[in-house]
Amino acid sequence: MNIYITRHGQTDLNKAHLMQGRTDAPLNERGKQQAAEAAEQLKGIRFDAVYASPLQRAVDTAHIMTGFPKDQIITDERIIEVDFGRYEKRKYTALGLRMWSFWLLPTIFSEPDTVESIAHMKKRAHSFLNDLSKNDYQNVLISCHGGIMRVLCGILDHRKNELMWNPKPKNCEIRKFTLL
C-alpha cells in the first residue's frame, strides 16, 4: 500500500504564526492555491481511499488535492491535530520556555499541562495505521496536520523514537511511504 501523507494548506492562523491545534480554521486563498499546486504532483494516481482529520482545513485540502467528493472522504478523529490546550491561538514567539522547548525537542522535554502528550499521539497514530493496514488499498491519501503528521511519518519510516519531527512539514507537502 502506498500512503501519501500531507499537511493541510495555509490558514489565516498559520499566516499569523499562531498555534492552531483543534481550532477549526478554514483554508485561506493561499491554502487553496497550495492544495491545487500539490494536486499537480498527484496527477495520474488513482486513490482507493482518502482520509482526513475531521477539521475542515484537512477535509478541504484532501478534496482539492484528489477531487474526491467531500462526502467520500473518510474523516478520522485519530489524525486530528495535537491538543495544544491553553497554548491554542498563541503566537509562536509567546509560548514561554516550557512549551517552546517541548515543541522544539519533544523527546527531551515533556509536554506542559493541558497539552497532549507525545505518548498519546503515538497511541492514536498506531491505532489509525493498524486499522488502515487491514484494508486492501493500493494508494491512500491522508490529509492531516503538522504535529500528528510528524508521528505518522516517524512510525511509517520505522524511526527508533517513532517521530519524524524535523524538518517541519510545510503546508501541502506530500510525503510518500509504502506499507507492506
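Phe 84 and Trp 103 are both buried in this predicted model. Their ring centres lie 5.1 Å apart with the planes at 80°, so the pair counts as edge-to-face. The two rings come from distant parts of the chain, 19 residues apart: Phe 84 sits in the loop between strand E3 (74–75) and H4, while Trp 103 belongs to helix H4 itself.

That pair has company. Ring pairs tie Phe 84, Phe 102, Trp 103 and Trp 165 into a cluster, and the count of aromatic pairs comes to six. Trp 165 also has a charge to deal with: Arg 150 lies over the face of its ring, 4.7 Å from the ring centre.

Now for helix H5, which also involves H4. H5 covers residues 118–133, 16 residues in all, and spans 22 Å from its first C-alpha to its last, close to the 22 Å expected at 1.5 Å a residue. Which residues of H5 are buried? They are Ile 118, Met 121, Arg 124, Ala 125, Phe 128, Leu 129 and Leu 132. These residues take up an arc of only 130° around the axis, which means they sit on the same side of H5. The general background is that an α-helix has 3.6 residues a turn, so residues three or four places apart point the same way. Over on the other side of H5, Ala 119 and Lys 123 are exposed.

What do the buried residues of H5 pack against? The list runs to strand E1 (2–7), strand E2 (49–52), helix H4 (97–104), strand E4 (139–144) and helix H6 (146–156).

Strand E1 from that list is worth a look of its own. Six of its six residues are buried, and that goes for both faces: Asn 2, Tyr 4 and Thr 6 on one side, Ile 3, Ile 5 and Arg 7 on the other. As a general matter, side chains in a regular strand alternate between the two faces of the sheet.

E1 pairs with E4 and with E5, as laid out here.

| Strand pair | Direction | Bridges | Example partners |
|---|---|---|---|
| E1 and E4 | parallel | six | Arg 7 and Cys 144 |
| E1 and E5 (174–178) | antiparallel | five | Thr 6 and Ile 174 |

So much for the pairings; E4 turns up twice in this picture, as a parallel partner of E1 and as one of the elements that the buried residues of H5 pack against.

Notes. Residues are numbered from 1 along each chain as its sequence is written. This is a predicted model: local features need pLDDT of at least 70, side-chain atom pairs count only at pLDDT 80 or more; totals for chains, interfaces and linings use all residues. Side-chain values use heavy atoms; hydrogens and water are left out. Helices (H or I, at least four residues) and strands (E, at least two) are DSSP runs, numbered from the N terminus. The expected span of a helix is 1.5 Å times one less than its number of residues. Buried means under 20% relative accessible area, exposed over 50%, partly exposed in between (1.4 Å probe, protein chains only). The arc is that of the directions from the helix axis to the C-beta atoms. Contact means heavy atoms within 4.5 Å. Two strands pair if DSSP finds at least two bridges between them. Rings of Phe, Tyr and Trp (its six-membered ring) pair if their centres lie within 6.5 Å; planes under 30 degrees apart count as stacked, over 60 as edge-to-face and the rest as tilted. A charge sits over a ring if NZ of Lys or CZ of Arg is within 6 Å of the ring centre and within 35 degrees of the ring normal.
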